[in-house]
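Hi,

Here's the structure I promised to pass on. Have a look at it first, and my notes on what turned up follow below.

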Amino acid sequence: TRPLQNMRALVTGGSRGIGAAIVRRLARDGAQVALTYVHNAEQAAASVQAAQAFGGQALAIQADSADANAVVAAVEQTVATLGGIDILVNNAGVFHLAPAGEFPLAQFDQTVAVNLRAAFVATEAAVKHMRPGGRIIMIGSCNAERMPFAGGAVYAMSKAGLVGLVKGLARDLGPRGITVNNVQPGPIDTDMNPADSEFGGALREQILAVPRYGTADEVAGMVAYLASPEAGFVTGASLTIDGGFTA
Ligand code: NDP
């Protein structure tokens, strides 16, 4: 039997990048998986197909994480379709860079709504349905701990918020057998942060101990561990997977 057999998961932002890798990995480990996306219906459908190839049920739900009602509706649709929810991965995120004094307020608001508020709202909705063994996993960032370039203050703030959120939620939910953790990736080769960019070259040379970008599959491996039954004593933690970015 597979480690996540009979478990039902929701991954926000599961159409591309890290989220899509998490969808595949959870499905490979035996879970049935719902994913959300906002714009890319085609890639969402491809992600669903990749998950179904492992033999389980999978579905895509269009839900803008900036809209709290849509986030709650996505959790409810997951529960209705898969018969419950055991694993919630709050992965959807946005990355806006702008210099101090010129950061557009609309981008600040979207960053907080998608990266932080949606994680809280989805968790509130999901824990109403979770049984002992439930798992809440945030995708934060190593930028919560180190922000070595200009323009990233708001992104770093949003990811730092997750560090505190998982600590408090772990206290609330530990007695119910539900763990809450935060995975903090370093540079991972995705549309958000392509390894072959100029920015990527500078990071590799000056900041990383392991001088390469990470892969979405490597992040998905850490998420799969946290989602598994053997991780029941890990909670309230922010686990970094960053090639030494923060070392
Ligand atoms: P991508 O930009 O490659 O993919 C983003 C995914 O999130 C897509 O599936 C996208 O859907 C979805 N998404 C974006 N905005 C919303 C929204 N408002 N509502 C619902 N879904 C949304 O990002 P990554 O895979 O690189 O990043 C995933 C997470 O990992 C983010 O939280 C990011 O901050 C974090 N992270 C990434 C790092 C990196 O180097 N790549 C490093 C550290 C953390 P659609 O396809 O419809 O647009």
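To start with the ligand: it sits in the largest pocket. Keep in mind while you look around that this is a predicted model.

The shell around the ligand has 31 residues, and the ones that come nearest are Ser15, Arg16, His39, Tyr155 and Thr190. Two helices worth colouring in your viewer are α1 (17-28) and α5 (153-173), as each supplies at least two residues of that shell. Sorted by class, the shell comes out as 13 nonpolar, 14 polar and 4 charged residues.

Some polar pairs to click on:

- Thr190: a polar atom of its side chain is 2.5 Å from a ligand oxygen.
- His39: here a polar backbone atom lies 2.7 Å from an oxygen atom of the ligand.
- Asn193: an N or O atom in the side chain is 3.0 Å from a ligand oxygen.

On its own the ligand has 910 Å² of accessible area, and the protein covers 94% of that.

I also went looking for enclosed empty space. How many cavities of 30 Å³ or more does a search of the whole structure find? There are 2.

The largest cavity holds about 60 Å³ of space. Its lining is made up of Thr12, Ser65, Asn90, Asn91, Ala92, Val114, Asn115, Ala118, Ala119, Ile139, Lys159 and Leu162. Which helix gives the most to this lining? That would be α4, with 4 residues. Both α4 (105-127) and α5 supply at least two residues here, and α5 is a helix you have already met in the shell around the ligand. By class, the lining of the largest cavity splits into 6 nonpolar, 5 polar and 1 charged residues.

The second largest cavity has about 50 Å³ of space. Around it you'll find Leu10, Thr12, Thr36, Ala63, Ser65, Val71, Ala74 and Ala122. This lining has 5 nonpolar and 3 polar residues, with no charged ones. If you select both linings, look out for Thr12 and Ser65: they line the largest cavity and also the second largest one.

That's what I have so far. Shout if anything is unclear when you open the file.

Cheers

Conventions. Residues are numbered from 1 along each chain as its sequence is written. This is a predicted model: local features need pLDDT of at least 70, side-chain atom pairs count only at pLDDT 80 or more; totals for chains, interfaces and linings use all residues. Side-chain values use heavy atoms; hydrogens and water are left out. A residue is near a molecule or strand if one of its heavy atoms lies within 4 Å of it. A polar contact is a pair of N or O atoms within 3.5 Å; within protein, one must be able to donate a hydrogen and the other to accept it, and residues adjacent in sequence count only if both atoms are side-chain atoms. Accessible areas come from the Shrake-Rupley method with a 1.4 Å probe; for residues, only the protein chains shown count as cover. On a 1 Å grid over the protein atoms alone, a cavity is a set of points where a 1.4 Å probe fits but cannot get out, and a pocket is an open set with protein on both sides within 12 Å along at least five of seven lines; lining residues have an atom within 4 Å of a point. A molecule sits in a cavity or pocket if more than half of its atoms lie within 2 Å of its grid points. Ala, Val, Leu, Ile, Met, Phe, Trp, Tyr, Cys and Pro count as nonpolar, Asp, Glu, Lys and Arg as charged, and the others, Gly among them, as polar. Grid points are joined across faces, edges and corners, and a volume is the space filled by probe spheres set on the points.
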